[in-house]
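Colleague: I would like to learn how to read a model feature by feature, with the general idea set out before the particular case. Could we go through one together?

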Amino acid sequence: MLLASLAILIGLPVLLWSAGKFVGGAASVANHFGVSPLLIGMLIIGFGTSAPEIIVSIFAAIQGNSGIALGNAYGSNIANILLILGLTAIISPIAVKSEIIKKELPVLLGITFFAAWQVWDLNISKDDAFSLLGLFVLLLSWSIYHGMKDDKDALADEYDEEINSNEGTVKTHVMWLIAGLLLLVASSRMLVWGAVEVATFFGVSDTIIGLTVIAIGTSLPELASSLMAVKKGEHDLAIGNVIGSNMFNTLAVVGIAGTIQPMTVGSEFLYRDVMVMFASTIALFIFCIGIKRQGRLNRLEGGAFVLAYAAYTYWLIQAAFI
């Protein structure tokens, strides 16, 4: 138990630190070779903040811990919206100006509905997983198209400022890219092992561990990037990072894990966790799409998000120990 706890306490911060180095190195290298800031932001930074989720879920699936793999992905989606954006909006209300963000919000809602429909039979088969990856390829193509076309969007300007703030030589960025990836793999294996051991010790399901400790932990890059974005007045970047991460989690993280190991869940996962993920995505869509007004997430709405996440976490803890 002591070793397992240490594995989590050491593995999680190393995972987050190495993810930041990996994403930053990849973005800087791409920028050096002339890739547009919007394309770098949407593909590398937006999706790259999900690097902890995907590496953790891959190792969880390989080891047969499908509960951690699925709970990590969907739990991170819930935490990204309710906790991350909620806390961010409380600190500084988030205004949505980017037309790309407004186009991505209904896409995210559609993807989340598709994910909920897939879990309706309490199973993610290999066919389900491949269909998720197929949608992910389409999403990548769509992102590349807009990344090359909409370089005058408000989101493009914020990504440009963010990417050009990174200093250092190409050689240094390549070194951090490789080192970050290696540490990501090592720390993920350590974290999954520790989580499984702790779940076994306390007699709770690995799904609960995936939805709580691991989901919150792997969502910390989104929290850090969102807080830094609003501090700089880059509101679209804060929303964009979360939308990109949730799309990546739902399609790529679950898709890759499902091709490795088909996943079966209990009915409570569908009626509790999947429904909370779906409801939080609908709320984000309503607040930020800006029907007859500019889209924004104000302090009151952010506070409601955080309270909803606290209630959801209490529900999970109660389910685990009562």
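Colleague: Which helix gives the most to the nonpolar patch?

Modeller: Please keep in mind that this is a predicted model. A nonpolar patch is built from residues with over 30% relative accessible area, and in this structure Leu2, Leu3, Leu6, Leu9, Ile10, Met190 and Trp193 make a nonpolar surface patch of about 730 Å². Helix α1 gives the most, with 5 residues, while α1 (2-32) and α8 (170-202) each supply at least two residues.

Colleague: Is leucine 2 buried or exposed?

Modeller: The cut-off for exposed is over 50% relative accessible area. Leucine 2, which is found in helix α1, counts as exposed because its relative accessibility is 65%.

Colleague: How much of the protein is buried, and how much of its accessible surface belongs to carbon and sulfur atoms?

Modeller: Buried means under 20% relative accessible area, and buried residues make up 55% of the 322 residues in the protein. The accessible surface comes to about 13500 Å², of which 69% belongs to carbon and sulfur atoms. As for the secondary structure, there are 13 helices and 4 strands in the protein, and of the contacts with a separation of 6 or more, 87% are between residues 24 or more positions apart.

Colleague: How should I read the length of a helix, and what are the expected span and the end-to-end distance for α13?

Modeller: The expected span is 1.5 Å times one less than the number of residues. For helix α13 (residues 299-321), the 23 residues should span 33 Å, and the end C-alpha atoms are 33 Å apart, so the two values agree. At the start of α13, a side-chain oxygen of asparagine 298 reaches to within 3.1 Å of the backbone nitrogen of leucine 300.

Colleague: Which elements do the buried residues of α13 pack against?

Modeller: They pack against α4 (66-91), α9 (206-218), α12 (267-289) and β4 (295-297). The buried residues of α13 are Glu301, Gly302, Gly303, Phe305, Tyr309, Tyr312, Leu316 and Ala320.

Colleague: What does the same reading of length give for α9?

Modeller: Helix α9 has 13 residues, but its end C-alpha atoms are only 16 Å apart, short of the 18 Å that a straight helix would reach at 1.5 Å a residue. Helix α9 is also mostly covered, with 10 of its 13 residues buried, and among them are Thr207, Ile208, Ile209, Leu211 and Ile214.

Colleague: How many salt bridges are there, and which side chains meet in a salt bridge?

Modeller: The rule asks for a side-chain nitrogen of Lys or Arg within 4 Å of a carboxyl oxygen of Asp or Glu, and by this rule the count comes to 1 salt bridge. The side chains of arginine 272 and aspartate 273 meet there, at 2.8 Å from N to O. Arginine 272 counts as buried because its relative accessible area is 7%, and aspartate 273 counts as buried because its relative accessible area is 0%.

Colleague: What should I look for in a backbone angle, and which residue has a positive phi although it is not a glycine?

Modeller: Most residues other than glycine have a negative phi. In this structure leucine 122 has a positive phi of about 65°. Leucine 122 is placed in the loop between α5 and β2 (123-124), and it counts as partly exposed because its relative accessible area is 25%.

Colleague: Which residues is glutamine 118 in contact with, leaving aside its neighbours within four places in sequence?

Modeller: Glutamine 118, which lies in helix α5 (residues 99-118), is in contact with Asn123, Ile124, Asp128, Ser131 and Leu132 when those neighbours are left aside. Glutamine 118 counts as buried because its relative accessibility is 3%.

Colleague: How far apart in space are the C-alpha atoms of glycine 266 and aspartate 121, and those of methionine 247 and leucine 139?

Modeller: The point of such a reading is to set separation along the chain beside separation in space. Glycine 266 and aspartate 121 are 145 residues apart in sequence and 9.8 Å apart in space, C-alpha to C-alpha, and glycine 266 is in the loop between β3 (263-264) and α12. The C-alpha atoms of methionine 247 and leucine 139, 108 residues apart along the chain, are separated by 8.7 Å. Methionine 247 is found in helix α11 (residues 235-260), and it counts as buried because its relative accessible area is 1%.

Conventions
Residues are numbered from 1 along each chain as its sequence is written. This is a predicted model: local features need pLDDT of at least 70, side-chain atom pairs count only at pLDDT 80 or more; totals for chains, interfaces and linings use all residues. Side-chain values use heavy atoms; hydrogens and water are left out. Patches are made of residues with over 30% relative accessible area and no salt bridge: like charges are joined within 9 Å, nonpolar side chains (Val, Leu, Ile, Met, Phe, Trp, Tyr) within 5 Å. Accessible areas come from the Shrake-Rupley method with a 1.4 Å probe; for residues, only the protein chains shown count as cover. Buried means under 20% relative accessible area, exposed over 50%, partly exposed in between (1.4 Å probe, protein chains only). Contact means heavy atoms within 4.5 Å. A polar contact is a pair of N or O atoms within 3.5 Å; within protein, one must be able to donate a hydrogen and the other to accept it, and residues adjacent in sequence count only if both atoms are side-chain atoms.
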